[in-house]
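Work through the exercises below with the model open. Try each task before reading its solution.

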Amino acid sequence: MSSLLIRNIQSLVTCDDLDRVLEHADIYCEDGVIRRIGSALDVRADEVLDASHMLCYPGLINTHHHLYQQFSRNLPQVQNMELFDWLKTLYEIWKNLDADVVRLSSLTGMGELMKHGCTTCFDHHYVFPAGSGDLIGAQLEAAERLGIRMHCSRGSMDLSVKDGGLPPDSVVQTVDEILADSRRLIERYHDASFGSMRRIALAPCSPFSVSAELLRQSAILARQYGVRLHTHLCETKDEEDYMLAREGMRPLAFMQTLGWVGADVWYAHGIHFNEEELRLLAETQTGVCHCPISNMKLASGVAHIPEMLKLGVPVGLGVDGSASNDGSSLMEELRTAFLLHRLTASHNAPSGYDVLKMATRGSARLLGRDDIGQLAEGKCCDLFLIDARRLELTGACYDPKSVLATVGVRGAVDHTVVHGKIRVRDGHLTGIDEPLVAEQARKKCEEYLNM
């Protein structure tokens, strides 16, 4: 049995069912699970962390990423493009992916997430060039080294340019190939148990890159195995026009005909839903991952998050791909989301604490988990700590529930704990040699971009 005691936390923002904020509290966990929360607990632990001047929060949960894009960030040729042209340009780079690129991009991307308070990452990987190796295995290897909770996806594309889709022939597969590999990955890697460190979802890329048959069969297979379903939807007006021309219906109506609504489904972006569609999402408890920075960079639009929250649509937060965000900080996403909706919705916008709960409780719900996303007895000990004495937080901590969204935190958090283990200590990752991995990644990135 391993144990951790975090003592005398200045402000503990629990995000629990009562929205409690506890002052001068202790957290005691055994084998990754919180056993006691209280003041001056009379317990001994293998490791004790003094948090006398710390703000403590549940670990942030990233519900949409494309880690492989870490090596195609900030490229000048795509700076002012919108989604369709952006994708077609970058597919010419992404078609050269291999397991080593995926491993190193996952280490650096998830490492950045963890240094900014993220404890769980969902990655939407859908580019599988022929002969590229076990890409999902490479991601899970990276996650294990870092100690982050990882939800991988078996993404997919079966429509290339010649079929009316966007990707080149070399990165699409047949429906049979995709379904066979989906079964293999679920049976090999998916762990549905309490406190699981790795799970698998099925995630065809988007309605404009996959066939109706692939979407239909993926939904059937996911429900046979009890795993979740994810895809991009309603990200741009171009997508809406494309689906109206190809299928004669709006994207969500098309997905509904294929079984893609329900509490086991969540969509990335969801910008261009109309009022009737928002009500359908609420009625079916179909979720949406909000990715504001990516949506702003690609000029895709602003998702109707205030309306979704009011209707009861499950909403979480994600950074989206490193190439459409140019970073992997869910902390930055949190503040951007708050400010964006203040700008566009004024007094109807979610509060700073509402956005924090989107990134914790809301994101956990999208992933189908009730063991993470809050700090309470019986839940996993996933959290991060920030020293309130930082110069940039002077005079800013009177409302610890909202400070992450209103003021924000620059730089790395002080400590990140995942399943009771300190995975970021004093702002540095404990599982890897950061300078060494950064140098390896730089060399691989240069080689990859020059192919």
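Start with a cysteine: Cys 381 has 0% relative accessibility, so it counts as buried. Here buried means under 20% relative accessible area, exposed means over 50%, and partly exposed lies in between (1.4 Å probe, protein chains only). The model is predicted: local features need pLDDT of at least 70, side-chain atom pairs count only at pLDDT 80 or more, and totals for chains, interfaces and linings use all residues. Residues are numbered from 1 along each chain as its sequence is written, and side-chain values use heavy atoms, with hydrogens and water left out.

**Exercise 1. Find how many disulfides there are, and explain why Cys 381 and Cys 397 form no bond.**

Step 1. Recall the chemistry: a disulfide is a covalent bond between the sulfur atoms of two cysteines. The rule used here asks for a pair of cysteine sulfur atoms within 2.5 Å.

Step 2. Check Cys 381. Its closest cysteine sulfur belongs to Cys 29, 3.9 Å away, which is too far for a bond.

Step 3. Check Cys 397. The closest cysteine sulfur is in Cys 56, at 14 Å, again too far for a bond. Cys 397 is buried, with a relative accessible area of 19%.

Step 4. Give the count: zero disulfides.

**Exercise 2. Decide how the buried residues of helix H4 are arranged around its axis.**

Step 1. Locate the helix. H4 covers residues 175-189. Helices (H or I, at least four residues) and strands (E, at least two) are DSSP runs, numbered from the N terminus.

Step 2. Check its span. From first C-alpha to last, H4 reaches 21 Å, close to the 21 Å expected at 1.5 Å a residue. The expected span is 1.5 Å times one less than the number of residues.

Step 3. List the buried residues: Val 175, Ile 178, Leu 179, Asp 181, Ser 182, Leu 185, Ile 186 and Tyr 189.

Step 4. Look down the axis. These buried residues fall within an arc of 165 degrees, so they line one face of H4. The arc is taken from the directions between the helix axis and the C-beta atoms.

Step 5. Turn to the face away from the buried side. Asp 176, Glu 187 and Arg 188 are exposed there.

**Exercise 3. Work out which strands pair with E17 and how they run.**

Step 1. Apply the rule: two strands pair if DSSP finds at least two bridges between them.

Step 2. Take E16 (residues 383-387). Three bridges join E16 to E17, and the two run antiparallel. Leu 385 stands opposite His 415.

Step 3. Take E18 (residues 421-425). Four bridges join E18 to E17, also antiparallel. Val 424 is the bridge partner of Thr 416.

Step 4. Inspect the turn. E17 and E18 form a hairpin with two residues between them, and His 419 in the turn has a positive phi of about 50 degrees.

Step 5. Compare the faces of E17. His 415 and Val 417 lie on one side, Thr 416 and Val 418 on the other, and all are buried.

**Exercise 4. Place Trp 266: is this residue buried or exposed, and what does it touch?**

Step 1. Trp 266 sits in strand E12 (residues 265-269).

Step 2. Its relative accessible area is 1%, so Trp 266 is buried.

Step 3. Contact means heavy atoms within 4.5 Å. Leaving aside neighbours within four places in sequence, the contacts of Trp 266 include Thr 63, Phe 122, Ala 201 and Leu 367.
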